[in-house]
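This briefing concerns the structure shown below. Its topics are a metal site, helix packing and backbone geometry.

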Amino acid sequence: MIQRTLPILTFAVLATMVACDKAPDGTDAIQAQAADYILRNGSIATVNNTLDTVTAVAIVNGRIQAVGNDEQVSERAGPETKIIDLDGKVVIPGIVDSHIHALGYGLHISQHVMFSTGEQLTVQDMLDGIEARAKQVEAGQWIYVRGPYSLDFVDERRLPNRKELDVVAPLNPVFINMQGHVGVVNSAAIDLSGVTKDTPDPENGIYVHDPETGELEGTMYEFPAFTPFLRHLPPYSFDVRVNAAREADKVFSRLGITTVVNLWAEPENLAVLQHLEGLNELTVRWSMVYRLAPEVFKGRSASEIEDLFKEYGLPDESDSNWVTVNGVKIIYDGFAEAAYMNDEYLEDRFGEGWKGVAFWDKESMQAVMEVCAANDIQVFVHVAGDRALDDVLETMGAVNDKYKLAGRRWTLEHASTEPTEDNLRQVKELELLVSTQQAMGWSIGKTFKETWGEERGSTFAPNRSWLDALGHPYVKAGSDNRPIDPFIGFWSFVVREDVDGRIGRPDQILAREDVLRMYTANGTYGIFTEDKWGTIEVGKFADMVILSDDIFNVPAAQIRSIQPVMTIVNGEIVYRH
Ligand SMILES: [Zn+2]
């Protein structure tokens, strides 16, 4: 009796489940086999269009074979199927970090002295760390230091200075890079660089001088000032970069991140990732967005830009599901210290009337954007200040007159200041995406208030304004490495606290369901892979994370300490606590 009814039941369940699921490519092939894995007895947030929660999911050949209740999904079990009892735990789709410096992060943790940790530090802690490295390396070797996320993490609210660095590392050039916007070097580095007290400031960069003697203090602001120093750092070998990507992948998997969109990628690193893809070693899907250096691209003709893009291998025609080049990044303005604003900064560190900097002129930016539009290359623009937002939208509007931008999913990175009604209308008309990294409201929040002023600083990342106006899937979430941990990021979106626990603009707080969509489905929409992964639906690649705690129901303060207990990518377990 039982033996006769079972197959019929199985067939009935299968038929209904296939019928109610849209079936992307590959679904038919995966329905005939027994599952590799079944996860059951859980609370699985599918993040499908109706935000359904199910208790079970079956995986076969890297793809999701079935979702539903335990009874339905158990029908997919065969003798070899591994059953994972979730014991009521919450499962979410794999996390997409839509703005990260992923290979850079691998280099930071494997090669650099690393203070971007979220730990509270003193100047002495940093000097001790640099001194320890100086003792390990040979005289003359560069010591590259990743500074803290911001001075909010330093008791004295400053970085070590040139003289202090000279004491702990007299024989080694030292470069402290705080998030690409503030730098400090010692005397050995200054001697090598050729920069002297008489060197004029580069365009959009500043060297700080002792007000009395005029000597270089070793402190500098914005990337153009860094260039003469960075030029002397020896390039990393292929093997070192491969290892850095491996180390980064390990951390990402431990944190539940399954896709990274690299917002400062370099063409020479594509081969690094492709090498690991060839070895079948990647545990994270890497999307590359190449940074366009303004000094290379400004003032170029369309055909020159096209030639440069060809050298970069753009547009990318590959159909890899692991390593793709999505497009290019234009960094239009500065950030906490130099976002381009309509109104003056609170701080006059850079002189009276400081309103930040724009690294591009609008004509050059438009020329690049038009070549991108003509060649179907996706554009991601770093835009932090309100003046920058006005400028970028004006430029995109001009491009839109020749090439319709709707549907191209061009993206505003950061979009950190309150949008005006005009801004919102333009962003909707151009169908732009907004990529937001709220954790910086925690890790740099105090600095924003000090430099931008209380109101603009508290408004940093006006997420509710963007989401209310644009809706899903047009707003997506990332880390910008400050910090990488997506659960600190998630927490930050729903509490908006700075390091002192002060809440900036509580009206901009988001609901947890919205944040989850931004970290998953919306992230894949941003790179045109929403049909392949980003939700837990039949036929999609099986990327998912089992969480230690119920992210929807724990008190908000606890979200930041949630940890993945298991991360699955492409149907394989890549991390297990
Ligand atoms: Zn960034």
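The points that follow are grouped by topic.

The model is predicted. A zinc ion is coordinated by His99, His101 and Asp480, and helix α15 takes part in crossings with α19 and with α14. Cis peptide bonds precede proline 473 and proline 483, and positive phi values occur at asparagine 204 and alanine 415.

**Zinc site**

- The donor atoms to the zinc ion are NE2 of His99, NE2 of His101 and OD of Asp480, at 2.0 to 2.2 Å.
- The sequence spacing of these donor residues is H-x1-H-x378-D.
- Histidine 99 belongs to strand β8 (residues 95-100), whereas aspartate 480 sits in the loop between β21 (475-477) and α20 (486-495); the pair therefore ties together parts that are 381 residues apart in sequence.
- Both histidine 99 and aspartate 480 are buried.

**Packing of α15 with α19**

- Helix α15 (residues 421-429) and helix α19 (residues 463-470) have axes that come within 10 Å and cross at roughly 50°; the two helices are therefore oblique to each other.
- The crossing of α15 past α19 is right-handed.
- On the α15 side, the contact is formed by Leu424, Val427 and Lys428, and on the α19 side by Ser465, Trp466, Ala469 and Leu470.
- This contact of α15 with α19 comprises five nonpolar residues, one polar residue and one charged residue.

**Packing of α14 with α15**

- The axes of helix α14 (residues 386-402) and α15 come within 10 Å, crossing at roughly 35°.
- Here the crossing, of α14 past α15, is left-handed.
- Leu389, Asp390, Leu393, Glu394 and Asn400 of α14 meet Asn423, Gln426, Val427 and Glu429 of α15.
- By class, the contact of α14 with α15 divides into three nonpolar, three polar and three charged residues.
- Val427 of α15 appears in the contact with α19 and also in the contact with α14.

**Backbone geometry**

- Most residues other than glycine have a negative phi, and most peptide bonds are trans.
- The peptide bond from histidine 472 to proline 473 is cis, with omega near 0°, and proline 473 lies in the loop between α19 and β21.
- Arginine 482 and proline 483 are likewise joined by a cis peptide bond, with omega about -5°; proline 483 lies in the loop between β21 and α20, the loop that also holds the zinc donor aspartate 480.
- Asparagine 204, not a glycine, has a positive phi of about 65° and is located in the loop between α7 (187-193) and β13 (206-209).
- Alanine 415 has a positive phi near 40° and is located in the loop between β19 (411-414) and α15.
- Alanine 415 is buried, its relative accessible area being 2%.

Conventions:
Residues numbered from 1 in each chain as written. Predicted model: local features only at pLDDT ≥ 70, side-chain atom pairs only at ≥ 80, totals over all residues. Heavy atoms only, no water. Axes fitted to C-alpha atoms, helices over the stretch in contact; angles between N-to-C directions. Helix = DSSP H or I, 4+ residues; strand = E, 2+ residues; numbered from the N terminus. Parallel < 35°, antiparallel > 145°, perpendicular 65-115°, else oblique. Left-handed = near helix turned anticlockwise from the far one by under 90°. Contact = heavy atoms within 4.5 Å. Nonpolar A, V, L, I, M, F, W, Y, C, P; charged D, E, K, R; others polar. Donors = N, O, S within 2.8 Å, 3.2 Å for Na, K, Ca; no water. Buried < 20%, exposed > 50% of the residue type's maximum accessible area, 1.4 Å probe, protein only.
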